[in-house]
Amino acid sequence: MKSNIRYSTNELIEYIELYLDGTSFRALREDYDLDLNESTFRLYLDKYLQHGTTGILRSQKNRNYSKIFKHQVVQEYFNSNLSYKGLSVKYNIPSDRTIRNWVMRYTEGKENRTYSPKLEVYQMKSRKTTYEERIEIVEYVINHQLSYKDAAEKFKVSYTNVYSWTRKYNNLDRKHSKTIEVRRRHRKLRRVKNS
């Protein structure tokens with residue numbers, strides 16, 4: 001069995017041309033050994049009709065889309081009756097899942113946050129810190145709801161360190177609270193047994 005990735009652009013065009021010349025989808029599957037489900041084939045067909053050969057060409061690398069473009073597509077999704085698939089065909093985006101992810105991120109507010117990479121924070125050489133200083137940094141991150149990146153920049157330590165210290169602190173806090181809860185339960189059980 002062939003997967004749809006193994007079909008070359010020329011093979012897909014041949015199947016599409018046969019279909020446009022009147023060959024039914026069923027005949028393509030039975031007589032011409034097309035091994036795609038009907039919805040996938042229709043997606044290729046729609047992209048071919050909308051964009052020509054470029055609509056079904058496979059990119060050798062992932063495409064990057066600007067924030068403005070993503071926002072435009074998401075707004076069109078909300079303001080029109082186009083589906084994810086309809087938008088992927090219209091804008092020649094390889095997968096409707098990409099648009100669905102954009103919509104989900106937008107509705108969760110994740111796409112609205114400003115993003116600045118601050119690469120120097122990731123590449124920063126670590127400096128020596130005391131235990132007390134680490135606790136101070138972690139508590140500052142938690143209390144001020146800072147990102148690890150912002151905290152690393154503020155305290156002039158590496159992103160990796162801030163991330164690691166915060167994770168350890170949170171894990172210790174959870175373990176500590178579980179230990180306290182277990183001790184409380186044991187005390188209650190002893191009281192019940194002794195009474």
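**Figure 1. Lysine 90 is partly exposed, with 35% relative accessible area.** Here "buried" stands for under 20% relative accessible area, "exposed" for over 50%, and "partly exposed" for anything in between, using a 1.4 Å probe and counting protein chains only. What you're looking at is a predicted model, where local features need pLDDT of at least 70, side-chain atom pairs count only at pLDDT 80 or more, and totals for chains, interfaces and linings use all residues. Residues are numbered from 1 along each chain as its sequence is written, and side-chain values use heavy atoms, leaving out hydrogens and water. Which residue does lysine 90 meet in a salt bridge? The partner is glutamate 76, at 2.5 Å from N to O. Lysine 90 belongs to helix H5 (residues 84-90) and glutamate 76 to helix H4 (residues 67-79), so this pair ties together parts that are 14 residues apart in sequence. Glutamate 76 is buried, at 15% relative accessible area. A salt bridge, by the way, is a side-chain nitrogen of Lys or Arg within 4 Å of a carboxyl oxygen of Asp or Glu. Searching the whole structure turns up three salt bridges.

**Figure 2. Two salt bridges, each within a helix: Arg26 with Glu30 in helix H2, and Glu38 with Arg42 in helix H3.** In the H2 pair, the side chains of arginine 26 and glutamate 30 come to 3.2 Å, N to O. These two sit four residues apart, about one turn of the helix, and both are exposed. Now hop over to H3, where the closest N and O atoms of glutamate 38 and arginine 42 are 3.0 Å apart. Again the spacing is four residues, about one turn of the helix. Glutamate 38 is partly exposed at 36% relative accessible area, and arginine 42 is partly exposed too, at 33%.

**Figure 3. The chain as a whole has 10 helices and zero strands.** Read from the N terminus on, the elements go α-α-α-α-α-α-α-α-α-α. Helices (H or I, at least four residues) and strands (E, at least two) are DSSP runs, numbered from the N terminus. How much of the chain is buried? Buried residues make up 25% of its 195 residues. The accessible surface comes to about 14,300 Å², and 49% of that belongs to carbon and sulfur atoms; areas like this come from the Shrake-Rupley method with a 1.4 Å probe, and for residues only the protein chains shown count as cover. Take the contacts (heavy atoms within 4.5 Å) between residues at least 6 apart in sequence: 60% of them join residues at least 24 apart.

**Figure 4. Aromatic rings pair up in this model, and the count comes to nine pairs.** One of them is phenylalanine 25 with phenylalanine 41, a tilted pair with 5.6 Å centre to centre and 45° between the planes. Phenylalanine 25 is in helix H2 (residues 25-31) and phenylalanine 41 in helix H3 (residues 38-51), so the pair ties together parts that are 16 residues apart in sequence. Are these two buried or exposed? Phenylalanine 25 is buried at 12% relative accessibility, and phenylalanine 41 is buried at 1%. Tyrosine 77 and tyrosine 84 form a stacked pair, 4.7 Å centre to centre with 10° between the planes. Tyrosine 77 is partly exposed, at 23% relative accessible area. The rule: rings of Phe, Tyr and Trp (its six-membered ring) pair if their centres lie within 6.5 Å, and planes under 30 degrees apart count as stacked, over 60 as edge-to-face and the rest as tilted. Tyr65, Phe69, Tyr91 and Trp102 form one aromatic cluster.

**Figure 5. Lysine 154 lies over the face of phenylalanine 155, 5.6 Å from the ring centre.** To count as over a ring, NZ of Lys or CZ of Arg must be within 6 Å of the ring centre and within 35 degrees of the ring normal. Lysine 154 sits in helix H9 (residues 148-155) and is partly exposed, at 48% relative accessible area. Isoleucine 137 is 17 residues from lysine 154 in sequence and 9.4 Å away in space, C-alpha to C-alpha.

**Figure 6. Threonine 166 is buried in helix H10.** Helix H10 covers residues 159-194, and threonine 166 has just 3% relative accessible area. What does the side chain of threonine 166 reach at 2.7 Å? That would be the backbone oxygen of valine 162. Leaving aside neighbours within four places in sequence, threonine 166 is in contact with Val138, Val141 and Tyr148.

Methods
A polar contact is a pair of N or O atoms within 3.5 Å; within protein, one must be able to donate a hydrogen and the other to accept it, and residues adjacent in sequence count only if both atoms are side-chain atoms.
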